Amino acid sequence: MKNTFKAAGVGAALFASLAMTGCGAPANNSSSTATASSSSSAAAVSGEIKVFAAASLRHAGEDLSKAFKQSHPNVNITFSYEGSSKLVQKIEQGEEADLLITADQKNMKKATALSEFEGATPSVIATNKLVLVTAENNPGKINSLDDLKTTEGTVAICKEDVPCGTLAHKELKEHGIELKSASTEANVGAVTTKVTTGAADAGFIYTTDLASAKKDGKNLGSVELTDIEKNEYPAALTKHGSSSDAAKEFYKWLESEEAKKILKDYGFEAGK
């Protein structure tokens, strides 16, 4: 009798083990199927995406495009970089874009007032901060914001209607500073070039541009502007973009952890 009960117990245990294994199998298959389905869905998305992006995104844009294309091989992204106000103007004048990313809320509000953005809901994908930089060896002897009151050196600054210029001009006004020799530029990329080439002794650019310049071996000095708030980078789909599965997928992907990491690598901080 003892052997009979022992055999029955072993049999029951074996049956329970097999039953549990059987129950667990579908879960694993389900997980694998979901992953495969997601990858298949991403690969199925195809088309062309035209992105109008603030000039300060020019370094990160290429890596964002490459990373997205790895999981969406049938999508091609073209970035067009300008000052934010210029990008809005282009769209207003009829140039076609799927997605707009500005370097401030002011220009995005102008954009979303256009019929091309009817129904759009902008999303902040990153933040940045303005900084005063000096050329290699600091020829203008600029070590503080107040030094701009007396320097004879050339100071490069964005025109006032683009975000980097709006912030810089406001900062100068609040501190009662009038530049003796200013070089007005179309966007932050042009300001950065002026300073890195020595054509200007100093300039107002973003911390991300300073980081990129240093990566390129440029020895720029910097003066932190402690009273300037971070500016936000909102993104919004146009009507044309809203009708494109590829554009909608990219817009959504810009808020992913993968995209955030790329932006962080270039000095941007997280959006809201």
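**View 1. Strand β6 sends its side chains two ways, and they end up buried.** In this predicted model, Val155 and Ile157 point to one side of β6, while Ala156 and Cys158 point to the other. All four are buried. If that back-and-forth pattern looks familiar, here's the general idea: in a regular strand, side chains alternate between the two faces of the sheet.

**View 2. β6 has parallel partners in β7 and β8.** Let's start with β7, which covers residues 182-185 and pairs with β6 in the parallel sense through four bridges. Look for Ile157 here: its bridge partner in β7 is Thr184. Now for β8, which also runs parallel to β6, with two bridges between them. On that side, Val155 sits opposite Ala202 of β8. To get from β6 to β7, follow the chain through helix α5 (residues 163-174); together these three elements make a right-handed β-α-β unit.

**View 3. Cys158 and Cys164 are joined by a disulfide.** A quick reminder: a disulfide is a covalent bond between the sulfur atoms of two cysteines. How many disulfides does the structure hold? Just one. The sulfur atoms of Cys158 and Cys164 are 1.9 Å apart, and the link is left-handed, with -95° about the S-S bond. Are these cysteines buried or exposed? Cys158 has a relative accessibility of 0%, so it counts as buried. Cys164 comes in at 3%, and it is buried too.

**View 4. Asn138 makes side-chain contacts from within a loop.** You'll find Asn138 in the loop that links β5 (130-134) to β6 (155-158). Even though this is a loop residue, its relative accessible area is 15%; the cut-off for buried is under 20%, so Asn138 is buried. What does its side chain contact? One polar contact goes to the side chain of Asn143, at 3.1 Å. A polar atom of the Asn138 side chain also lies 3.0 Å from the backbone nitrogen of Ile142.

**View 5. Helix α7 packs its buried residues against several neighbours.** Helix α7 spans residues 207-215, and its buried residues are Thr208, Asp209, Leu210, Ser212 and Ala213. In general, an α-helix has 3.6 residues a turn, so residues three or four places apart point the same way. Which elements do the buried residues of α7 pack against? The helices are α2 (58-71) and α6 (188-196), and the strands are β4 (123-128), β5, β8 (202-206) and β9 (221-224). After α7 comes Gly217, with a positive phi near 85°.

Notes:
Residues are numbered from 1 along each chain as its sequence is written. This is a predicted model: local features need pLDDT of at least 70, side-chain atom pairs count only at pLDDT 80 or more; totals for chains, interfaces and linings use all residues. Side-chain values use heavy atoms; hydrogens and water are left out. Buried means under 20% relative accessible area, exposed over 50%, partly exposed in between (1.4 Å probe, protein chains only). A polar contact is a pair of N or O atoms within 3.5 Å; within protein, one must be able to donate a hydrogen and the other to accept it, and residues adjacent in sequence count only if both atoms are side-chain atoms. Contact means heavy atoms within 4.5 Å. Two strands pair if DSSP finds at least two bridges between them. A crossover is right-handed if, with the strands pointing away from the viewer, the path from the first strand over the helix to the second runs clockwise. A disulfide is a pair of cysteine sulfur atoms within 2.5 Å.
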